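I opened this notebook to keep track of what I looked up, one topic per entry. The entries follow the order in which I worked.

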Amino acid sequence: MNSDMPETHLQSGILLLGVNHTTAPLEVRERLAIHPSRLADATRTLAHQPGIREALILSTCNRVELLTVHEAPHTGSAPQLGMLRFLHEYLNLPPDEIRPHVYEFREREAIRHLFRVASSLDSMVVGEPQILGQVKQSWSVAREVGAIRSQLAPVLLESSNSIEAFSSVGAYSSVGAFSSVLDPLLQRAFSVAKRVRTETRIGANSVSIASVAAELARKIFGSLSGKTVLLVGAGKMSDLTARHLIQQGANTLLVSNRTEARAEKIADALRTPAITTGVIPFDQLHEQSHRADIILTSTGAAATGEQPHVFTTHHARTLLQRRRNRPVFFIDIAVPRDVSPEINKLEGCFVYDMDDLQQVAAQHQAVRSREAEAAESIVNREVARYNQRLSQAPAVEAIKQLQSSAEAVRLHELARTAHRLAAQPLSPEQQAAVEALTRSLTAKLLHSQLTALREAASDAPAADPDE
Amino acid sequence: MSLLWLRVAVLLYGIAALAVLPAALYNRPRWRHIAVPAALAGVFFHFVSIVETLYAAHRALPVDTHETLSWLGLLLAAAFLALATRYRTVSFGIFLLPVTVLLTIVPAFRPGHETIAYPFIRTGWLVLHIALLLAAYAALFLSLIASLLYLVQERRLKQKRPASGRSWLPPLETRLPALETTDQIALKSLLFGLPCMTAGLLIGSVVALQTIGPAFFADPKVLLSLAMWCAYMLMIFIRRHSGLRGRRAVYLSSAVFLGALAVWAANLFSNVHRFRAP
């Protein structure tokens, strides 16, 4: 993990250790996963490890990451060992067992990784929206337990280039009170993620079969609020898809199954106070299917030889007549298919089988991959900007120090003069004139040095955004 | 000055018409933020231009075809804004905004010189007659566009794999309004247009009856207008009662729209609308 940051100026270091779906199998991830109810305690424990200033734990089904800020920048393995020790002690996992799966990022690379994670570029399904909420949740927990100090963040977030902005952040300041590194960093990560989501179409289209089906339903019906879904047959995928449709607003669910008891069971499982469910006996399926706007079939059992499909063109025509040509959406996830593909040729009928849904999901995935490239550029530029600001911080601190030393000398000399003139004190007007004179002199004497420092701050090395 | 404002409006409509393409076809939200404000500003300058023209000429009615077209353009741009606000869609702008540009570009750069010696009596009723009929035309045009968009959305949903490159349809990822939404817009605009057309025709008939007498019924434009009103009613009846959608709805809307164009063109043969005795 090489870093281009001017580490000689730094008084603290960022270290990120973690495992994710690409480095660790599920068996390892599930042992490392920290339940949300234990997250606060775990974060507090990590923050109390020796040498750690601030800490955050991100634990999702696909990743567990520990983000820490140390007292001083390290290039050695001490902080890493400390964090592994935490995992060992807290989760009762031997470090040797975890070590092969762990990745480690320091300073600039840790910042980049955090930005990528928050922007969902490092997710198993690139562009999925949940990760940002999970990072925010971890940040909120860390702030609650005091593992991250919340202060002065908005100054940096305002994108101000002013010297004062950096001096007030003082993230890597060599003097003064300890101020938060992770708080502004995480807030920056949130705004980068927001920028990625607004400026690219990385999360625009669904990529899972169930959500593609729900999205297609929205293209037909707009809002699914008030729509009726008919579930024909049973299966894990149809159950998941039905749940997605309900999530999107569908509020009536009818179930039809060859075994009525099974249909009752499915209806009971999906019933909530907001969802009305009902069972249609399988022998009345075609008489009652016109009640549904979306028909989700997964019987997986081919019908008789004469009627190879559960829904034929004839059934669909009758159904359309009863619906007065209102559109109907068939989602056929059965193999062999339940719905005749010919039905798709009828005006008002839309048939999507498993292949069609997978094809749409693949198209969406391709769009996301294209957009991910644009998103990576945004992240790179933001990392460079953030690093530039951090590298300017020492110069800013020097300016502050210089100004405060000069002010101290000025006040001291004024006090001495006032003491000498105690017998003949100056009038208020004279005092104001002397005050203005000393201020002006100090400012003029400091001008060239401050200018040089300001130039040094603005010329601080910026990272190459394309690297 | 009014011409200058109209030219500014045309420019803004042009910007909006261009910006709406990436916004609607490629889901670029930034372009939406250009298209909608540009159209809004265009409507403002257009309105100012119309008011200034009428104020300067001390009249309340459009006196030539160019001016009438300009009024219709204003209504179409306003319809685009109404849809963008109510349904959060700018897709209708793909059709509405270029037509608005076409309707306003001629009066902006070649103002008409027709003068109609219209009677100065009952000006308020005549204004209402014209405004209501223009609103009905705009509603009819909107309904036609909605039917076309329905057809496009239906075709690409049925085609499923439009990314082959051989298809003329926009890809499935393109965010067009949902089928039910376009259907609702089509029907609602027809239902909005019907009372406008009915009231507009009634007002026109009463004014013509009082000014010209019963002979006005023999005027070709009046006869065609009545025929169009019947067709309009029939279209609404069919759409509401048989749930006509898709291709056949486009055919029906197109037929009625062509009828409306014929009624418009009948101005050339109409004595009543030139305020001459038939």
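**Entry: chain B, overall**

I began with the contacts in chain B that have a separation of 6 or more, and residues 24 or more positions apart account for 81% of them. The model is a predicted one. I then looked up the secondary structure of chain B and found eight helices and zero strands. Along the sequence I read the pattern as α-α-α-α-α-α-α-α. Chain B has 278 residues, and 42% of them count as buried.

**Entry: chain A, overall**

I looked up the matching values for chain A. The secondary structure of chain A comes to 16 helices and 10 strands. Chain A has 467 residues, of which 44% count as buried. For contacts in chain A with a separation of 6 or more, I noted that 74% join residues 24 or more positions apart.

**Entry: α1 and α4 of chain B**

I turned to pairs of helices in chain B. Helix α1(B), residues 2-25, packs with helix α4(B), residues 93-109, at an angle of about 160 degrees, and their axes are 9 Å apart. Angles over 145 degrees count as roughly antiparallel, so I entered α1(B) as roughly antiparallel to α4(B). The crossing of these two helices is left-handed.

I listed part of the contact. On the α1(B) side I noted residues including Leu3(B), Leu6(B), Arg7(B), Val10(B) and Tyr13(B). On the α4(B) side the residues include Ile94(B), Leu97(B), Pro98(B), Val101(B) and Ile105(B). By class, I have 17 nonpolar, four polar and one charged residues for the contact of α1(B) with α4(B).

**Entry: α3 and α5 of chain B**

How are α3(B) and α5(B) oriented to each other? Helix α3(B), residues 65-87, and α5(B) pack at an angle of about 50 degrees, with 9 Å between their axes. I therefore wrote them down as oblique to each other. The crossing of α3(B) and α5(B) is right-handed.

From α3(B), I found that Trp71(B), Leu72(B), Leu75(B), Leu76(B) and Ala79(B) make the contact. From α5(B), the residues are Leu134(B), Ala135(B), Tyr137(B), Ala138(B), Phe141(B) and Leu142(B). I sorted the residues of the contact between α3(B) and α5(B) into 11 nonpolar, no polar and no charged.

**Entry: nonpolar cores**

Which residues touch the most other members of the largest nonpolar core? I found Phe330(A) and Ala138(B), in a core of 126 residues. Helix α5(B), residues 123-159, gives the largest share of this core, with 17 residues. Ala138(B) is also one of the residues of α5(B) in the contact with α3(B).

I followed up Phe330(A) and left aside its neighbours within four places in sequence. Phe330(A) is then in contact with Ile295(A), Thr297(A), Phe311(A), Val339(A), Ile343(A), Cys349(A), Phe350(A) and Val351(A). There is also a second, separate core of 63 residues, which includes Ala42(A), Leu58(A), Val117(A) and Leu121(A).

As background, I noted that nonpolar side chains in soluble globular proteins tend to be buried together.

**Entry: where the chains touch**

I counted the residues on both sides. The contact takes 22 residues from chain A and 18 residues from chain B. On the side of chain B that touches chain A, α5(B), α6(B) (179-211) and α8(B) (246-265) each supply at least two residues. Helix α6(B) gives the most to that side, with three residues. By class, the side of chain B that touches chain A has six nonpolar, five polar and seven charged residues.

**Entry: two residues of chain A**

Is Ile280(A) buried or exposed? The cut-off for buried is 20 or more other C-beta atoms within 10 Å. Ile280(A) has 23, so I entered it as buried. I placed Ile280(A) in the loop between β7 (276-279) and α13 (285-288) of chain A. Not counting residues up to four places away in sequence, Ile280(A) touches Leu254(A), Ser256(A), Leu285(A) and Gln288(A). I also looked up Arg258(A), which is 22 residues from Ile280(A) along the chain, with 10.0 Å between their C-alpha atoms.

My last residue was Gln392(A), which lies in helix α15 (residues 354-420) of chain A. Gln392(A) is buried, with 26 other C-beta atoms within 10 Å. From Gln392(A) to Ala456(A) I noted 64 residues in sequence and 8.0 Å in space, C-alpha to C-alpha.

Technical notes
Residues are numbered from 1 along each chain as its sequence is written. Chains are lettered from A and ligands numbered from 1 in the order in which they are written. This is a predicted model: local features need pLDDT of at least 70, side-chain atom pairs count only at pLDDT 80 or more; totals for chains, interfaces and linings use all residues. A nonpolar core is a set of buried Ala, Val, Leu, Ile, Met, Phe, Trp, Tyr and Cys residues joined through C-beta atoms within 7 Å. A residue is buried if 20 or more other C-beta atoms lie within 10 Å of its own, exposed if 12 or fewer, and partly exposed in between; C-beta atoms are placed from the backbone. Helices (H or I, at least four residues) and strands (E, at least two) are DSSP runs, numbered from the N terminus. Two residues are in contact if their C-beta atoms, placed from the backbone, lie within 7 Å. Axes are lines fitted to C-alpha atoms, for helices over the stretch in contact, and angles run from 0 to 180 degrees between N-to-C directions. Angles under 35 degrees count as roughly parallel, over 145 as roughly antiparallel, 65 to 115 as roughly perpendicular and the rest as oblique. A crossing is left-handed if the near helix is turned anticlockwise from the far one by less than a right angle, and right-handed if clockwise. Ala, Val, Leu, Ile, Met, Phe, Trp, Tyr, Cys and Pro count as nonpolar, Asp, Glu, Lys and Arg as charged, and the others, Gly among them, as polar.
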